[in-house]
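Let's take a walk through this one together. Have the sequence and the 3D view open side by side as you read.

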Amino acid sequence: MANVTFQDHLCKGCGLCVSVCPKKIVALCAERLNAKGYHPAQVTDRSACIGCAFCATICPDCVITVEK
Ligand code: SF4
Ligand code: SF4
């Protein structure tokens, strides 16, 4: 299982990471706003992550780190 972390304060809620996750486990958090006023991305089911790092690669703001 991979560990995926987000630097919440840098996220602009663009949803690119949501669109590329092959396991469909990245989502924008509807209940939370970050300091910039956006709903930040998060992983909804860490146990399903395959560590492909597609999410981290596509993020234009280097918000996501994937560690295996
Ligand atoms: S590493 Fe791959 S499977 Fe895991 S959350 Fe990112 S895109 Fe999804
Ligand atoms: S691609 Fe980056 S900036 Fe866009 S929603 Fe995902 S984590 Fe946030």
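What follows goes from the overall fold to the core, then to the two ligands, and ends with a single residue.

Keep in mind from the start that this is a predicted model. The chain has 2 helices and 4 strands, and if you trace them from the N terminus you read β-α-β-β-α-β. How compact is the chain for a globular protein of its length? Its radius of gyration is 11 Å, close to the 11 Å that the globule rule gives for 68 residues, so the chain is as compact as a globular protein of that length. Along its principal axes, the C-alpha trace spans about 30 × 20 × 20 Å.

Now for how the chain folds back on itself. Take the contacts between residues at least 6 apart in sequence: 63% of them join residues at least 24 apart. As for burial, 21% of the 68 residues count as buried.

That brings us to the inside. The largest nonpolar core has 13 residues, and Cys17, Val26, Cys55 and Ile64 are the ones that touch the most other members. Strands β1 (3-6) and β3 (41-43) are the elements that give two or more residues to this core. Val26 is a good place to stop and look around: leaving out residues up to four places away in sequence, Val26 touches Cys17, Val18, Cys21, Ala41, Val43 and Cys55.

Next, the ligands. Which residues come closest to ligand 1? Look for Cys21, Cys49, Cys52, Phe54 and Cys55, the closest of the 16 residues that surround it. By class, that shell divides into 14 nonpolar, 1 polar and 1 charged. Ligand 2 has 13 residues around it, with Cys11, Cys14, Cys17, Cys59 and Val63 coming nearest. The shell around ligand 2 has 9 nonpolar, 2 polar and 2 charged residues. Some names should ring a bell here: Cys55 is among the closest to ligand 1, Cys17 is among the nearest to ligand 2, and both belong to the core.

Finally, zoom in on Val20, which sits in helix α1 (residues 16-20). Is Val20 buried, partly exposed or exposed? With 15 other C-beta atoms within 10 Å, Val20 counts as partly exposed. Setting aside residues up to four places away in sequence, Val20 touches Phe54, Cys55 and Ile58. For a sense of distance, try Lys36: Val20 and Lys36 are 16 residues apart in sequence, and their C-alpha atoms lie 23 Å apart in space.

Conventions: Residues numbered from 1 in each chain as written. Chains lettered and ligands numbered in written order. Predicted model: local features only at pLDDT ≥ 70, side-chain atom pairs only at ≥ 80, totals over all residues. Near = placed C-beta within 6 Å. Nonpolar A, V, L, I, M, F, W, Y, C, P; charged D, E, K, R; others polar. Rg over C-alpha atoms; globule rule 2.2 N^0.38 Å. Buried ≥ 20, exposed ≤ 12 C-beta atoms within 10 Å, placed from the backbone. Contact = placed C-beta atoms within 7 Å. Core = buried A, V, L, I, M, F, W, Y, C linked by C-beta atoms within 7 Å.
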